[in-house]
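Here's a look at how some helices pack in this model, plus a few residues worth a second glance. Have the viewer open while you read.

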Amino acid sequence: MEGLIVVVSVGAAVVAGNALAPILRLPVPLTQVLLGFLVAFIPGLEHLGMPHEVVLMLFLPALLFWESLTTSKNAIRRDLRGILITSTVFVVATAFAVAWIASSLGIPWAAALILGAAVAPPDATAAAALAKGLPQRQFMLLKAESLTNDGTALVVYAIAVGIALGGHYTPWDITRMALVSFLGGILVGILMAAVAYPVLSRLRDPIVLNMALIVTPYAAYLTAEQIHASGVLAVVVAGLIISAFSNRLSTPESRTQAEHAWPLATSLLNGALFLLIGVETQSLVFRFQPAELLALAGIAVAVAVTLVVSRFLFLQLTVMIIRSLDRRPEQRQRRMSYRARLVSGVSAFRGAVSLAIALSIPLTMNDGSPFPYRDEVVLIAALAIIIGIAVQGPLLPKVIAWA
């Protein structure tokens, strides 16, 4: 019965959030977060929440798979270089920029680097929910980047946690972890698409075909995680390949069914994730004294500002380097103005994936003592996510209009 109460409460809150957002003139994700904060006060729902494994393994594969199915392959091909740079180098640079800011404000370096790894990658589901007003090219670029950057963030996170637990990593160790994560995820994605292709091509019943399609991202994610590769990349690669051959693998009836079922399912999952952010924030807020909470909120504001500023500066620097090295006419045609880069800086939102990464911090050290600054890091990450949604969300349309 308790499980049913949770399901009904979450479902009702997701519906209420979608209904109230236009009335309150707030972004839907922000409304869901606020409702999650309030829901956690209801007797019997004080401990409502989900383990980080549920977010990463139950919610994420389906959401990323649908986003990869609806991402333009031509856009990825045209701007592949920029996507690779922002999903790898930029994530690492952002993690260290956030870590430097947080450590200068009193968070120990090891915990600050974990925080940086958690909030560094822009979130694909948050972008899909909040950045729909972007010009088509920038929206597709942001989606493509957000679909591939979690692998980098998880490698940085694993190294940061290992260092905090007393581990030591050589350059070869870091290179090996990155190669296993990226190449392993890509190979698993290709393998899953190769396995799914003959199965999907032989199915003609729309319901059975879509059921097989739903299973595919979970099989890809599970297989990749078993070999310590990036489950995110495996899901995305499988989705992109299947999308490229969708006309051969589906029927008009199955496509019509999918075009209605997937948006509904992903909207429910997205709403539940934003609700979770509010619930987790509420559960953490009351663990701190008012003075401590105010200090942590100040750090969260600094982190949120750092995420926007570092992205804009990184894009500026990257463009300068590319322009100095590549002067081909086609490269000049793809150039964006500094106004467009400012839009890109404001449109990168963090979401439930960042919170899930933060929540996956171990509870204890190797000697059994509590993991230092774990609650502080999780709360700062949650507040930074909320600040981004609350400030960047309403600000983005104005920045787009100015640009």
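## Helix packing and a few odd spots

α14 and α18 are oblique to each other. That label follows from the angle, since the two axes cross at roughly 45 degrees and oblique takes in angles that are neither under 35 degrees nor in the 65 to 115 range. Keep in mind throughout that this is a predicted model.

Let's stay with that pair for a moment. Helix α14 covers residues 252-285, helix α18 covers residues 352-359, and their axes come within 9 Å. The crossing in which α14 passes α18 is left-handed. On the α14 side, the residues involved are Leu-273, Leu-276, Ile-277 and Glu-280, and they meet Ala-352, Leu-355 and Leu-359 of α18. Sorted by class, that contact has six nonpolar residues, one charged residue and no polar ones.

How many of the residues of α18 are buried? Eight of its eight, so to speak a full house, and the helix is mostly covered. The buried set in α18 runs through Ala-352, Val-353, Ser-354, Leu-355, Ala-356, Ile-357, Ala-358 and Leu-359.

α14 has another partner in α2, a helix made of residues 28-39. Here the axes come within 7 Å and cross at roughly 45 degrees, which makes α2 oblique to α14. The crossing of α2 past α14 is right-handed. From α2, the contact draws on Pro-29, Gln-32, Val-33, Leu-35, Gly-36 and Phe-37. From α14 it takes in Gly-271, Phe-274, Leu-275, Ile-277, Gly-278, Val-279, Thr-281, Gln-282 and Val-285. The class count for α2 with α14 is nine nonpolar, six polar and no charged residues.

Ile-277 is worth picking out: this residue of α14 is listed in the contact with α18, and it is listed in the contact with α2 too.

Gln-282 is another α14 residue to click on. Is it buried or exposed? With a relative accessibility of 8%, Gln-282 counts as buried, because the cut-off for buried is under 20%. Setting aside neighbours within four places in sequence, Gln-282 is in contact with Phe-37, Ala-40 and Phe-41.

Next up is the pair α11 and α12. Helix α11 spans residues 206-226, helix α12 spans residues 231-244, and they pack at an angle of about 145 degrees with axes 7 Å apart. Their crossing is right-handed. α11 brings Leu-213, Thr-216, Pro-217, Ala-220, Tyr-221, Ala-224 and Glu-225 to the contact, while α12 brings Gly-231, Val-232, Ala-234, Val-235 and Ile-242. By class, that comes out as nine nonpolar, two polar and one charged residues.

Here are the three pairs side by side.

| Helix pair | Axis distance | Angle | Crossing |
|---|---|---|---|
| α14 and α18 | within 9 Å | roughly 45 degrees | left-handed |
| α2 and α14 | within 7 Å | roughly 45 degrees | right-handed |
| α11 and α12 | 7 Å | about 145 degrees | right-handed |

Now for the nonpolar interior. The largest nonpolar core has 111 residues, and the members that touch the most others are Ile-114, Leu-115, Ile-242, Ile-277, Val-303 and Ile-380. α19 supplies the largest share of this core, with 13 residues. Take Val-303 as an example: leaving out residues up to four places away in sequence, it touches Val-98, Leu-115, Val-119, Ile-380 and Ala-384.

α19 itself is the helix of residues 374-402, and Pro-394 sits in it. Pro-394 is partly exposed, with a relative accessible area of 33%. Apart from residues up to four places away in sequence, Pro-394 touches Pro-27 and Ile-389. Its C-alpha atom is 7.6 Å from that of Leu-26, although 368 residues separate the two along the chain.

Finally, there are some backbone angles to check. Most residues other than glycine have a negative phi. His-228, though, has a positive phi, near 65 degrees. His-228 belongs to the loop between α11 and α12, and it is exposed, at 67% relative accessible area. Tyr-373 also has a positive phi without being a glycine, at about 65 degrees. Its spot is the loop between α18 and α19, where Tyr-373 is partly exposed with a relative accessible area of 34%.

Notes: Residues are numbered from 1 along each chain as its sequence is written. This is a predicted model: local features need pLDDT of at least 70, side-chain atom pairs count only at pLDDT 80 or more; totals for chains, interfaces and linings use all residues. Side-chain values use heavy atoms; hydrogens and water are left out. Helices (H or I, at least four residues) and strands (E, at least two) are DSSP runs, numbered from the N terminus. Buried means under 20% relative accessible area, exposed over 50%, partly exposed in between (1.4 Å probe, protein chains only). Contact means heavy atoms within 4.5 Å. Axes are lines fitted to C-alpha atoms, for helices over the stretch in contact, and angles run from 0 to 180 degrees between N-to-C directions. Angles under 35 degrees count as roughly parallel, over 145 as roughly antiparallel, 65 to 115 as roughly perpendicular and the rest as oblique. A crossing is left-handed if the near helix is turned anticlockwise from the far one by less than a right angle, and right-handed if clockwise. Ala, Val, Leu, Ile, Met, Phe, Trp, Tyr, Cys and Pro count as nonpolar, Asp, Glu, Lys and Arg as charged, and the others, Gly among them, as polar. A nonpolar core is a set of buried Ala, Val, Leu, Ile, Met, Phe, Trp, Tyr and Cys residues joined through side-chain atoms within 4.5 Å.
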